[in-house]
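Let's take a walk through a protein structure together, a few stops at a time. Keep the 3D view open and turn it as you read.

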Amino acid sequence: MTQFRAPGSEPGQWSGLGHLERDLVLTDEDFAKIRQLIYQRAGIVLAEHKREMVYSRLAKRLRHHGLTRFSDYLERLARQPDAREWEAFTNALTTNLTAFFREMHHFPLLAEHVRKATGPVRIWSAAASTGEEPYSIAMTLHESLGARATEARVVATDIDTEALARARAGVYPIEQVRKLDDERVRRFFQKGRGQQEGLARVRPEVTSMVEFLHMNLLAPQWPIKGPFDAIFCRNVMIYFDKQTQARILERFAPLLKPDGLLFAGHSENFSYISKVFRLRGQTVYTLA
C-alpha cells in the first residue's frame, strides 16, 4: 500500500494510512440506506466493500449543501422525492469507465453484420456513458456502409445526465484520441486550437448519426422503439443482480431484429441468466 507522511511527522518517518480521518459522518445505517436507494432507483448493487467509494463520491454533494452527516443528506432526499438532487445522487454512484473501440473484437463483427443488412441500420448503445462507445459504433458504420451510412442511426442512452452532457459535446482529451490508428483520427476527429488546444472533437458527420437520450434501464417505459440490428449493453449488467439482468434481457428481445446481435461485456455471461438469448461467439449473443 502506498504510504504518506503523517501531518507533523519528521521527514523520513512514515506511517500507514490505517483508518482515514473523516470530516463527514457515514454510519452503517446510512450506508445500508444508500445501498437500498441506489438499488431501487437504478438497479445498482453496491457491495459492502464499496463504502469508501460511496463516501468519496457523495461527500461532494454533502459539502455542496453544507452538510456534515450523511443522515441529514438522506433525510433531505426523502423530503423531496422529485428534487433534482436525486439526479446528482444517481450520477455520483454511477461508474463511467469507457474508451473508444473498447473490446475491439466486437467492431469487426458489427461491421460484417451491418454490411448484410437491408434497409437503414439502427444500433442501440444502452450504456452510452460519455459517448466513446456510440461514436465508435458510428465510425464503424461509416467505414463499413460507405454512402449508406448517412441513413444509419445510433440511439445512445444512459442514466447519468452529466455523462450524457459530455457525450453530446463530443469533445475529448487528445491523448485519449491518439490511442486510435492515424487513419481514424484524421477521418473522424478535428484537432482543437487556441483555447481548445489539447482537445479533439468528433466530426459532425459522426455526431449527426447519434441520438443521446436519458434513460433508466429499470424504468417501466423506455423512450425508444425497435427494431435494432444490434444492441450494445456492455459492462453494465455486472452492477445488477441476476433477477434484474434477466428482466432487462427479456425486454431487449422484442427490440432486436430476428437476426440481431447483442454485445455484452468481457466479464458478463448471459447464458445462465436467460433462455431468450444464445451465445454466438465471444460475448456476442443472438435470439434463441
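Below we visit a pair of helices, then a sheet, and then some loops. Before we set off, keep in mind that this is a predicted model.

Let's begin with the helices. Two packed helices are described by the angle between their axes and the distance between the axes. Find helix α1, which covers residues 28-42, and helix α2, which covers residues 51-64. Their axes come within 11 Å and cross at roughly 85 degrees. An angle from 65 to 115 degrees counts as roughly perpendicular, so that label fits α1 and α2. Now, which residues of α1 and α2 make the contact? On the α1 side, look for Asp28, Phe31 and Ile34, and on the α2 side, for Arg51, Val54 and Leu58. Sort the residues of this contact by character and you get four nonpolar ones, two charged ones and no polar ones.

Next up is the sheet. Here three strands form an open sheet, and if you go across it you meet them in the order β3-β5-β4. The pairing is antiparallel. Why do β3 and β4 each have one side without a neighbour in the sheet? Both β3 (171-173) and β4 (189-191) stand at the edges with a single partner strand each, so one side of each is left without a neighbour in the sheet. Turn the view and look for the twist, which averages 35 degrees from one strand to the next. You can also zoom in on one pairing: β3 and strand β5 (residues 199-202) run antiparallel to each other and pair over three bridges. Here Tyr172 stands opposite Ala200 in β5.

Finally, let's stop at some loops. Go to the loop between β6 (210-214) and β7 (228-232), where you'll find Pro227. The peptide bond that joins Gly226 and Pro227 is cis, with omega at about 0 degrees.

Move on to the loop between β7 and α11 (242-252), and you'll come across Asn235. This residue is not a glycine, yet Asn235 has a positive phi of about 60 degrees. Is Asn235 buried or exposed? Buried means under 20% relative accessible area, and Asn235 has 13%, so it is buried.

The last stop is Thr283, in the loop between β9 (277-281) and β10 (284-287). Thr283 is not a glycine either, and its phi is positive too, at about 55 degrees. With a relative accessibility of 10%, Thr283 also counts as buried.

Conventions
Residues are numbered from 1 along each chain as its sequence is written. This is a predicted model: local features need pLDDT of at least 70, side-chain atom pairs count only at pLDDT 80 or more; totals for chains, interfaces and linings use all residues. Side-chain values use heavy atoms; hydrogens and water are left out. Two strands pair if DSSP finds at least two bridges between them. Helices (H or I, at least four residues) and strands (E, at least two) are DSSP runs, numbered from the N terminus. Axes are lines fitted to C-alpha atoms, for helices over the stretch in contact, and angles run from 0 to 180 degrees between N-to-C directions. Angles under 35 degrees count as roughly parallel, over 145 as roughly antiparallel, 65 to 115 as roughly perpendicular and the rest as oblique. Contact means heavy atoms within 4.5 Å. Ala, Val, Leu, Ile, Met, Phe, Trp, Tyr, Cys and Pro count as nonpolar, Asp, Glu, Lys and Arg as charged, and the others, Gly among them, as polar. Buried means under 20% relative accessible area, exposed over 50%, partly exposed in between (1.4 Å probe, protein chains only).
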